[in-house]
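Visitor: I'd like to learn how to read the place where two chains meet. Could you walk me through it?

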2 protein chains.
Amino acid sequence: MSGPAVILVDPQLGENIGMVARAMLNCGLTDLRLVRPRDGWPNEKAVSASSGADMVVYRAKLFDTTSEAIADLNRVYAATARDRDMTKAVVTPAGAASEIRAHGTAGTGVIFGGEAKGLKNDDVALADKILTVPLNPDFKSLNLAQSVLLVAYEWFKLGDDTPDSHTMTPGTRPANKEELLGLFEHLEGALDDSGFMHVREKRPIMVRNLRNMLQRAGLTEQEVRTLRGVIKSLTYRRET
Amino acid sequence: MSGPAVILVDPQLGENIGMVARAMLNCGLTDLRLVRPRDGWPNEKAVSASSGADMVVYRAKLFDTTSEAIADLNRVYAATARDRDMTKAVVTPAGAASEIRAHGTAGTGVIFGGEAKGLKNDDVALADKILTVPLNPDFKSLNLAQSVLLVAYEWFKLGDDTPDSHTMTPGTRPANKEELLGLFEHLEGALDDSGFMHVREKRPIMVRNLRNMLQRAGLTEQEVRTLRGVIKSLTYRRET
């Protein structure tokens, strides 16, 4: 895996650099670049805060200027929460992610400012586009690692084929209609015997309601057998 | 604004509860519920770690059991990174967000386990579906607030109308084609004078290349005037 480069300009706390590395690696990003980290480099606090993403920390590259840090890149986004007084395209993390995927990830990167002041306008002017995370207009307060996480996650998602929804059925499989019909008829027979369906003209609607309820549950073959055991147990009790 | 409830079961550090509140409020979520917070409640560390989202912390509700915490909800997701040995639907944060938006946000919630052990299987069984964040299979290590952030952000995005890409043009507007054509002809005239286009058969292709380059820049009316000033300045120098 690789991914867009993450360039931190004037980052302050080693902990935050480590948390950025952790956020990155969760999403498969490994190319971390640091411009003038305030507390020096290497930094032990960055290693411990990375919670196991120390490979990203150890391989981080150090630069004196933003220009040098992005020299080999051909498409760069400047992450900033503030509007800048300049003519520039602004994209969301999702927008940046789809552009990067369409453009080809190699040679792309996102620059983030330090914790206190964010990016300078001159750094923003080095970038192709501004990247701004849309957030609650009354409370916009992401920390550095959280900003990196949202950008990295949007990029990761576009390369990930996890379906938005699926059903785990460990050790079993969805019940087929014959098995379901067996359950329905077992239940309906038991209810006929118990007197639950004694109003004959209401029986058809009751049967349909019960069948709809049970269909909605999306039962597995194992669960159908469990429910038939439940019916058997309840009817056995009744008869004794 | 409101949003799905966030239910933390057996959370440990107050700092992490505060960071969850901060992540929530960034995305407009305010309904925080705590089940057996280990370090007691209220917790001053939660307030300070919320970085201004203290309204969410102060309004958090306290419960003895997960069942009580979700009693008024009608659709609940259990956030877990681990596969569980149970038949259950699994959704991504994006999948959960679109279901919640489609279903109606009121009465929905997401339960998250504590920092150390995550959710118990009995808590998972209380939920309608499992919510799992797809991540780098070789490094899945989100902290509690980061997990909450991704879920909350996906929900927020679906209600937010920020375009994925737009261009800021503060104090100006995109140049119209007449203004661009004026720039093109100004430049081409200057290059005719300077001798840059002296190979006449190459002039048409050169003109098209320059026009394509300048069109790609998406210039504003102000920038067209700036560039015409640049041409004027350079030709003035040449003539002296």
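Guide: Sure, let's start with a term: a salt bridge is a side-chain nitrogen of Lys or Arg within 4 Å of a carboxyl oxygen of Asp or Glu. Here, A:E154 makes one with B:K157, and their closest N and O atoms are 2.6 Å apart. By that rule, the interface of chain A and chain B has two salt bridges.

Guide: A word on the source: this is a predicted model, where local features need pLDDT of at least 70 and side-chain atom pairs count only at pLDDT 80 or more, while totals for chains, interfaces and linings use all residues. Residues are numbered from 1 along each chain as its sequence is written, chains are lettered from A in the order in which they are written, and side-chain values use heavy atoms, with hydrogens and water left out.

Visitor: How many residues of chain A are in contact with chain B?

Guide: Contact means heavy atoms within 4.5 Å. On that basis, 58 residues of chain A touch 58 residues of chain B.

Visitor: And what area do the two chains bury between them?

Guide: The size of an interface is often given as the accessible area lost when the parts come together. That loss is taken with a 1.4 Å probe and summed over both parts. For chain A and chain B it is about 4400 Å², with 57% on carbon and sulfur atoms.

Visitor: Which strand of chain B is joined to β5(A)?

Guide: Strands are DSSP runs of E, at least two residues long, numbered from the N terminus, and two of them pair if DSSP finds at least two bridges between them. β5(A) is joined by four bridges to β8 (residues 165-168) of chain B, running antiparallel. For instance, A:K88 has B:M168 as its bridge partner in β8(B).
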